[in-house]
Amino acid sequence: MCCSRRRGEKLPIWATVPREADSSSCPRPTEGTRPPKTLRGQVTKVVLFGVFVQVAEGSEGLVLLRELTRVSVETPAAVLQLGDEVMAVVTEIYRQRRRPALSRREASPDLR
């Protein structure tokens, strides 16, 4: 396996493989690049396990329920509604779907 990663394992954003790259080659971070600190997005879908946030045109990320706030909530609807603007940090990229995993609680240290 490439870089000794298991199939379906999440990769950090800076280690994603370009679409045209050979699948047998190992993903390498680009020199001098860093993962983005925070992104602003809009809630596009609220589901039981979290919310989907559009962070760029054609790019939607998932904020899991445990990453919404520092305190425990039963449903995402208790914190966010459809269309709300949020700040989130990209924590990882789901390799197979090329979808970012986001964290709202890491984006705002004073968030309750």
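**Reading a five-strand barrel**

Me: Let's start with one residue: what stands opposite V90 in β5?

Reply: That's L102. Strands of a sheet pair through backbone hydrogen bonds, either parallel or antiparallel. Here β4 (residues 85-94) and β5 (residues 99-103) run antiparallel, joined by five bridges. Strands are DSSP runs of E, at least two residues long, numbered from the N terminus, and two of them pair if DSSP finds at least two bridges between them. A word on the model: it's predicted, so local features need pLDDT of at least 70 and side-chain atom pairs pLDDT 80 or more, while totals for chains, interfaces and linings use all residues. Residues are numbered from 1 along each chain as its sequence is written, and side-chain values use heavy atoms, leaving out hydrogens and water.

Me: In what order do the strands of the closed barrel run?

Reply: Follow β1-β2-β3-β5-β4, five strands with mixed pairing.

Me: How do I follow β2 to its partners, and how many bridges does it make with β1?

Reply: Five, in the antiparallel sense, with β1 covering residues 39-47. Q42 faces Q54 in β2, and a hairpin through two residues connects β1 to β2. On to β3 (residues 59-64): β2 pairs with it antiparallel over six bridges, with V53 bridged to G61. That hairpin also has two residues between its strands, and G58 in the turn shows a positive phi of about 80 degrees.

Me: Is β2 mostly covered or mostly exposed, and how many of its seven residues are buried?

Reply: Mostly covered: five of the seven in β2 (residues 50-56) are buried. Buried means under 20% relative accessible area, exposed over 50%, partly exposed in between, using a 1.4 Å probe and protein chains only.

Me: Which residues make up the largest nonpolar core?

Reply: In soluble globular proteins, nonpolar side chains tend to be buried together. A nonpolar core is a set of buried Ala, Val, Leu, Ile, Met, Phe, Trp, Tyr and Cys residues joined through side-chain atoms within 4.5 Å. This one has 12 residues, among them V43, V53, L68, V90 and L102. β4 gives the most, with four residues.

Me: How many aromatic pairs are there?

Reply: One. Phe, Tyr and Trp rings (six-membered ring for Trp) pair if their centres lie within 6.5 Å; planes under 30 degrees apart are stacked, over 60 edge-to-face, the rest tilted. F49 and F52 are edge-to-face, 6.3 Å centre to centre with 85 degrees between planes. F52 is buried at 9% relative accessible area, whereas F49 is partly exposed at 44%.
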